[in-house]
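Here are my notes on the model you sent, set out as numbered points. They take up the pockets, then the strand pairing, and then the disulfides.

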Amino acid sequence: MVHRLLSRARWGAILALVALLAGSCALFLPRPPQPPSPVPPPSTPPAEPPLDWILLYEEDFDSGTLDTSRWKPYHNTYGDGNHELACLTPGNVALAGGSLVISARREQLTCPNGSSREFSSGFIGSRETGSYYPLYGRYEIRARLPHGQGLWPAFWLRHRTGSSTAEVDVMEYFHSQRPGRTSQALHLPRTVRYNVAQAHSPFETPTTTPGWHTWAVEITPAADGAIRFTYFTDGVESLSYLDTNPTWATSAPPDASWDIAVNLAVGGNWVGHPDDPLGLLSDIERCAQQGTYPACSSEGIERAVFPALYEVDWVRVYRAA
């Protein structure tokens, strides 16, 4: 009986040792590939307006078709003055998955003015539909941006009497110059073609898959007839400018002073040709970052991949509460 119990104990110990060794070896065996974890789509932030603002207009692009009573897709070469390369076509503007998708493509085509282009892209504006928005308000976009030399997504306001009167650049992304940083700027009549104010804010690493971000500007009256412009990137104030002599502001109705433009430019003076050596702005023979042309730095610059997508979740306009 004792012998049988010892045998059982011996066998139990042996089996326990075998199980332990098997478990240890399993630590070193290759695991079978696991399916990737599902990534939920980005959620849209709640529609509650910021403090002291009331939502006046919202375009969330959920209807499946562009509201042409508010927006008109361009079919032209609007960026010729800046040596941009794309023919802008309605076919490069689409609504998909609850977003506006502006695509830039590498393709040979002829634009309505007869010029031959090697790229196409898209632009929507409210001016051509007669849609104008208040002088004082908050203008906001949620979007994700493509990274790459030669790409220039933007969200901006043009004064009713023309961008030479006043232009508010709520978001521009000059990837070649500042990879991972968006620019916000203000142009006024006395600074035509120059920035009276400008800031550059980091928003994401340019080598990552683009994420969703928000950019906004608040235009508000100040003391003694001045106008203040306050810019935000992902809810953080990034630029503030006080115009103490806004004589330009009286040239349009206060409730209909701005139009809205959303576009993706390809090439031009400020972002370079997508096929140029990285970091070169060949049209103006300058370096996008540092160096002495043509020995230019290419730090952080990504090569553009086509089709390049500029996706917009929503555009919102608020008025003061």
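1. In this predicted model, the largest pocket has a lining of 36 residues, and those that lie nearest its centre are N82, W152, E167, H187 and W270. Strands β3, β9, β10 (167-172), β11 (181-187), β12 (197-202) and β16 (258-266) are the elements that each give two or more residues to this lining. The space in the largest pocket comes to about 1000 Å³.

2. Which element supplies the largest share of the lining of the largest pocket? That share comes from β16, with four residues. By class, the lining of the largest pocket divides into 16 nonpolar, 12 polar and eight charged residues, which may be of use when you assign atom types or protonation states around it.3. The second largest pocket holds about 210 Å³ of space. Its lining is made by 13 residues, of which L145, P146, H147, P210 and V305 are the closest to the centre. Here the most is given by β21, with three residues, and the lining of the second largest pocket consists of eight nonpolar, one polar and four charged residues.

4. Strand β21, which spans residues 308-320, is mostly covered, since 10 of its 13 residues are buried. Which strands pair with β21? Strand β1 (residues 53-59) pairs with β21 in the antiparallel sense over six bridges, and within this pairing the bridge partner of W53 is A320. Strand β5 also runs antiparallel to β21, to which it is joined by five bridges, with I102 standing opposite Y310. Strand β8 (residues 137-144) pairs with β21 over seven bridges, again in the antiparallel sense, and A143 has V312 as its bridge partner.

5. In the loop between β8 and β9 (151-159) lies Q149. Is Q149 buried or exposed? Its relative accessible area is 0%, under the 20% cut-off, so Q149 is buried. The side chain of Q149 reaches the backbone oxygen of H273 at a distance of 3.1 Å.

6. How many disulfides does a search of the whole structure find? The search finds two. When the bonded cysteines of the protein are numbered in sequence order, the pairing reads 1-2, 3-4.

7. One disulfide is formed by C87 and C111, whose sulfur atoms are 2.0 Å apart. This pair links distant parts of the chain, 24 residues apart, with C87 in strand β3 (residues 86-88) and C111 in the loop between β5 (99-110) and β6 (116-121). The torsion about the S-S bond of C87 and C111 is about 80 degrees, and the disulfide is therefore right-handed. C87 counts as buried because its relative accessibility is 0%, and C111 likewise counts as buried because its relative accessibility is 4%.

8. The other disulfide joins C287 and C296, with their sulfur atoms 2.1 Å apart. The torsion about the S-S bond of C287 and C296 is -80 degrees, and this link is left-handed. Both C287 and C296 are buried.

How values were computed
Residues are numbered from 1 along each chain as its sequence is written. This is a predicted model: local features need pLDDT of at least 70, side-chain atom pairs count only at pLDDT 80 or more; totals for chains, interfaces and linings use all residues. Side-chain values use heavy atoms; hydrogens and water are left out. A disulfide is a pair of cysteine sulfur atoms within 2.5 Å. Buried means under 20% relative accessible area, exposed over 50%, partly exposed in between (1.4 Å probe, protein chains only). Two strands pair if DSSP finds at least two bridges between them. A polar contact is a pair of N or O atoms within 3.5 Å; within protein, one must be able to donate a hydrogen and the other to accept it, and residues adjacent in sequence count only if both atoms are side-chain atoms. On a 1 Å grid over the protein atoms alone, a cavity is a set of points where a 1.4 Å probe fits but cannot get out, and a pocket is an open set with protein on both sides within 12 Å along at least five of seven lines; lining residues have an atom within 4 Å of a point. Grid points are joined across faces, edges and corners, and a volume is the space filled by probe spheres set on the points. Ala, Val, Leu, Ile, Met, Phe, Trp, Tyr, Cys and Pro count as nonpolar, Asp, Glu, Lys and Arg as charged, and the others, Gly among them, as polar.
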